[in-house]
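Have your viewer open and a selection box ready? Let's walk through this model one stop at a time.

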Amino acid sequence: MKFVKDFLIPVIVLTVICLVVSGALVLTYQATKPIIDEAKNAEANAARAVVLPGASDFEEVELPSDIEGAVDAYRETNGVGYVVTASAAGYGGDIKLMVGFDANGTITGVKMIEHQETPGFGAKLAEDSYGETYVGKTASDYTDVDGISGATITSKAYKKALSSAFELYSAASGNSVEISEVVDEPEEELVLYTVDDANAALIPGGVTKYEQEVDKIKEVYIANDKSALTMVVTAQGYHEEPLIRLVVGMDATGTIIGVKPVDFAETEGIGDRVGKPSYLDQYIGQTTTDGVEALGGATVSSNAVKKAIDKAVDAFELVKGELAA
Amino acid sequence: MSKQSNLKILLNGIIKENPVLVLILGTCPTLAVTSLAVNGLGMGLAATAVLLGSNIVISLLRKVIPDKVRIPSYIVIIAGFVTIVSFLLEAYVPSLYEALGLYLPLIVVNCIILGRAEMFANKNGVVASACDAIGMGLGFTLALICMGSIRELLGSGTWFGMRIIPESIQTMSIMTLAPGGFFVFGCLIALVNAILMRKGKKPKQTVGCSGCPMSGKCTQAAEGGCK
């Protein structure tokens, strides 16, 4: 009896309770499943209709398995077009794009539905305003849309996912399309110079070191033909140490002929973009630093460069007498 | 306890033994979902439905369930009700289902529900248990709506989605975040304590062992607490 009371009855009661509760769950699940499925389907259709205006209902299309980055493809039942989802490897993980095509294969909308890109950089491509720039593009001219500066890797992944999306469209619709290749733009590199190399690059005719310090600038080099000069200037960048060091070259009128980085240990991919020719060369032809805007996302480094060049511009007034006008 | 009138049991839960503000139970969902008043209302009603169901069933089965397996039995029953409620919400109020998110399944471990099962439903009849569930549920819901209203009004300038504070006035977005939840929670507890004290009913000074759902069974309780 003790065995029954202490052991058997609790087990039986608990088992019965579990069975009854499971039964109730099954009933509720069966009753609510069609409603939940319908709601989910309507939600998914509404989400797809965002990239394919005018669409109402969709049916899934079976896909060949050899398309890279394929996720799914849907055909609008009234023949308005297709909505496909494709993924590609971005900077922080896979990005997933939902792309709408009209019946002729022209993009009607792009939406990034999944990403883990860096906020402020790669994540900018997830904004709807970027997706809108692709509306009206076809397989042949989608590569013409510019990426976003500072988000090279994400921009490339975006185009790669679009290229897969075009393949999906082509497979789903049976219209074969010529998809233009995503060309890898060579990544611009940060090239550091020694002071001598920078001088040689800026003033090919050779330079002589000026024997005095000018306005606290220790290194000033005058061209041998006295047509130009260079100055080595510093400023504190994003990090306290080391300082940013630049060689600024100026001609006899005070116009900047070039800026070359000597020390430039700014954050890779962010601040160090300021040290690359595409940014520094904007100073060529300027007599002040006012005309060059800071690079988005790299304000501190940009301002440091500006400050360093300002020193050279100020110091120029003191040494310009050494140059032949 | 069974001598109390059912109405008194019902009213008990709203102020005197308000589960959130006096018993300090169910703090996690209280802080988490009350960034909007409507979420507080939804969470409160969902928990009330679960509480009502579980209290009735547990009270019905209180003579059948052996002491040894009562906690697992309660958990199975509560989990069953929570799952049923979440299916129903997903089917009929999907927006609320989305908003409550993770906190909906977590009703299973909401102390209020297991606490009322232990403290009340397994010692009282069906009607009294149902009244207790409604009272506690309403107390929980009202506390959540209060917190949600204050946080939504100060944090987003709206109340149940209606704009009350003009958009030109900067809202305190901290109120919609976790710290704001703690601020409002503390202020409300203080307010309820003040009301109870003015009425001459001293609020419980400590939760202590007597407030613990296990106190009846716990051998340490008589010796002055857990060691």
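## Start with chain A

Select chain A first: six helices and ten strands make up its secondary structure. Keep in mind throughout that this is a predicted model. The predictor gives the complex an ipTM of 0.73 and a pTM of 0.57. Colour chain A by burial and you will find that 36% of its 325 residues are buried. As for contacts in chain A between residues at least 6 apart in sequence, 55% of them join residues at least 24 apart.

## Strands β3, β4 and β5 of chain A

Now select residues 81-89 and 94-102 of chain A, which are strands β3 and β4. The two run antiparallel and are joined by nine bridges. To check the register, show A:Ala88 on this pair and look across to β4(A), where A:Ile95 stands opposite. Then move to the turn: the hairpin has four residues between the strands, and A:Gly93 takes a positive phi near 150°.

Add residues 107-114 of chain A, strand β5. β4(A) pairs with β5(A) as well, again in the antiparallel sense, here over six bridges. Your marker for this pairing is A:Gly100, which faces A:Gly109 in β5(A). This hairpin has four residues between its strands, and the residue to label is A:Gly105, with a positive phi near 90°.

## Strands β8, β9 and β10 of chain A

Next, centre on residues 244-251 of chain A, strand β9. Is this strand mostly covered or mostly uncovered? β9(A) is mostly covered, with seven of its eight residues buried.

Bring in β8(A), residues 228-235, and you will see an antiparallel pairing with β9(A) through eight bridges. Here A:Leu229 stands opposite A:Met250 in β9(A). Then add β10(A), residues 256-263, which pairs with β9(A) over six bridges, also antiparallel. In this pair, A:Val248 lies opposite A:Val259 of β10(A). β9(A) and β10(A) form a hairpin with four residues between them, and A:Gly254 in its turn has a positive phi of about 90°.

## Over to chain B

Switch the selection to chain B, which has eight helices and two strands. Followed from the N terminus, its elements run α-α-α-α-α-α-α-β-β-α. Of its 227 residues, 41% count as buried. Among contacts in chain B with a separation of 6 or more, 73% are between residues 24 or more positions apart. If you colour by confidence, chain B has a mean pLDDT of 82, and 86% of its residues reach 70 or more.

Pick out helix α3, residues 37-60 of chain B, and draw a distance between its end C-alpha atoms: they are 34 Å apart. That agrees with the expected span, because 24 residues at 1.5 Å a residue should cover 34 Å. α3(B) is mostly covered, with 19 of its 24 residues buried.

## The largest nonpolar core

Which residues have the most contacts inside the largest nonpolar core? Select B:Ala46, B:Ala47, B:Val50, B:Ile77 and B:Ile113, which hold that place in a core of 53 residues. The elements giving two or more residues to this core include α1 (2-51) of chain A, alongside α3, α4 (70-92) and α7 (126-156) of chain B. α7(B) provides the largest share, eleven residues.

Zoom in on B:Val50 and, setting aside neighbours within four places in sequence, show its contacts: B:Ile78, B:Phe81, B:Val82, B:Val85, B:Ile107 and B:Ile113. There is also a second, separate core of 39 residues, and A:Tyr74, A:Met98, A:Val110 and A:Tyr169 are among its members.

## A stop on helix α7 of chain B

Now find B:Ser129, in helix α7 of chain B. B:Ser129 counts as buried because its C-beta has 28 neighbours inside 10 Å, where 20 or more is the cut-off. Beyond its neighbours within four places in sequence, B:Ser129 is in contact with B:Asn55, B:Ile56, B:Ser59, B:Phe120, B:Ala121 and B:Asn124. Try one more distance: the C-alpha atoms of B:Ser129 and B:Gly53 are separated by 10.0 Å, with these positions 76 residues apart along the chain counted as their separation.

## Where the chains meet

For the last stop, display both chains and select the contacts between them: 15 residues of chain A touch 17 residues of chain B. On the chain A side, the classes are 13 nonpolar, two polar and no charged residues.

Note on methods:
Residues numbered from 1 in each chain as written. Chains lettered and ligands numbered in written order. Predicted model: local features only at pLDDT ≥ 70, side-chain atom pairs only at ≥ 80, totals over all residues. Buried ≥ 20, exposed ≤ 12 C-beta atoms within 10 Å, placed from the backbone. Contact = placed C-beta atoms within 7 Å. Expected span 1.5 Å × (residues − 1). pLDDT = per-residue confidence, 0-100. Core = buried A, V, L, I, M, F, W, Y, C linked by C-beta atoms within 7 Å. Nonpolar A, V, L, I, M, F, W, Y, C, P; charged D, E, K, R; others polar. Pairing = 2+ DSSP bridges.
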